[in-house]
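Let's take a walk through this model together. Have a look at the picture first, and then we'll go through the sheet and the pockets.

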Amino acid sequence: MTTVIHSARLVDDGRVADDAWVVLGDDARVAQAGTGDGWREHPADAIEDAAGDILAPGFIDLHGHGGAGAAYDDGPDAVRAARALHRAHGTTRAVVSLVTGTLDDIAAGAAMVADLMRTDADILGSHLEGPFLDPGHKGAHDEALLRSPDADEIARLLDAGRGTVLQVTLAPELPGGLDAVQQIVAAGAVAAVGHTGADAALTAAAFDAGATILTHAFNAMPGLHHRLPGPVGAATADPRVTLEIIADGVHLHPEVVRLAFAAAPGRIALVTDAMAAAGADDGVYTLGSLSV
């Protein structure tokens, strides 16, 4: 089925074009694009008049835990319910983030995501946020379930995902932390520094070991001090590193967001870190084993 969308404000590749059109081919991919009346030359099964609406590529969320009252850790139906909410707000694809749990629970979650990827094209893979996190910077994770990284346990979790675990967040200062970074990267996943008390030097060592993401920068880690630059200082100084930012006006002050963009241009990934309560009424929800 070929679809033409015309008369849109097209945002693409850093540019905005008025009175623009796109042609979507049978595979739902953009086949052609232009401005003006050129769309009339393309036969189509469906024609949509965007009437000046903004047309843009869909968002991709690298870090989120659920929405619409459903948590990603709670199984396929919960993942699909939460993803439906986020798709309605323009997030067309997402990495499914799993919170700290028992090793059995995390392994089961990674396997569940791998199974879903066979049928649900909007799911890119999983992100294991824990259990190898610093108890002193646990955030919403259950301290009783946190542990130092172990090579066999890491291999078990990665194997459970059958190649679909895309990211593992850990605290590199834990015993075996730097070795864990190397193991994760060698297995083809991305190692991320987060929920950490590491200083700038140790964080830089983790980046040298292969870590390439700072999980929700500034949150659940030492702050950016003028004498102690911490994980954020190490990340902004390293061109290999992407910084996740939760720009919701609550997790970070807007001025801090501006500083992050200025310090690491082209290396900021806006993420939601959304939980089950996103898009839902006020009430009691769970994040892993914790009530929120």
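Before we start, one bit of vocabulary: Ala, Val, Leu, Ile, Met, Phe, Trp, Tyr, Cys and Pro count as nonpolar here, Asp, Glu, Lys and Arg as charged, and the others, Gly among them, as polar. Keep in mind, too, that what you're looking at is a predicted model.

With those classes in hand, turn to the second largest pocket, which has a volume of about 370 Å³. Its lining is made up of 21 residues, and nearest the centre you'll find His216, Ile246, His251, Thr272 and Asp273. Sorted by class, the lining comes out as 10 nonpolar, 8 polar and 3 charged residues.

Now for the largest pocket, which holds about 460 Å³ of space. Here 17 residues do the lining, with Leu24, Val30, Ala56, Pro57 and Gly58 the closest to the centre. This lining splits into 12 nonpolar, 2 polar and 3 charged residues. Which strands help to build it? At least two residues each come from β1 (3-12), β2 (15-24), β3 (30-35) and β9 (91-98). The top contributor is β1, which gives 4 residues.

Strand β9 also leads us to the sheet. It's an open one, with 8 parallel-paired strands running in the order β6-β9-β10-β11-β12-β13-β14-β15. At the edges sit β6 (59-61) and β15 (268-270), each pairing on one side only. Follow β9 to strand β10 (residues 123-129) and you'll see the two pair in the parallel sense over 5 bridges. For a spot to zoom in on, try Leu98, whose bridge partner in β10 is Leu128.

Note on methods: Residues numbered from 1 in each chain as written. Predicted model: local features only at pLDDT ≥ 70, side-chain atom pairs only at ≥ 80, totals over all residues. Heavy atoms only, no water. 1 Å grid on protein atoms, 1.4 Å probe; cavity = no way out; pocket = protein on both sides within 12 Å on 5 of 7 lines; lining within 4 Å. Points joined across faces, edges and corners; volume = space filled by probe spheres on them. Pairing = 2+ DSSP bridges.
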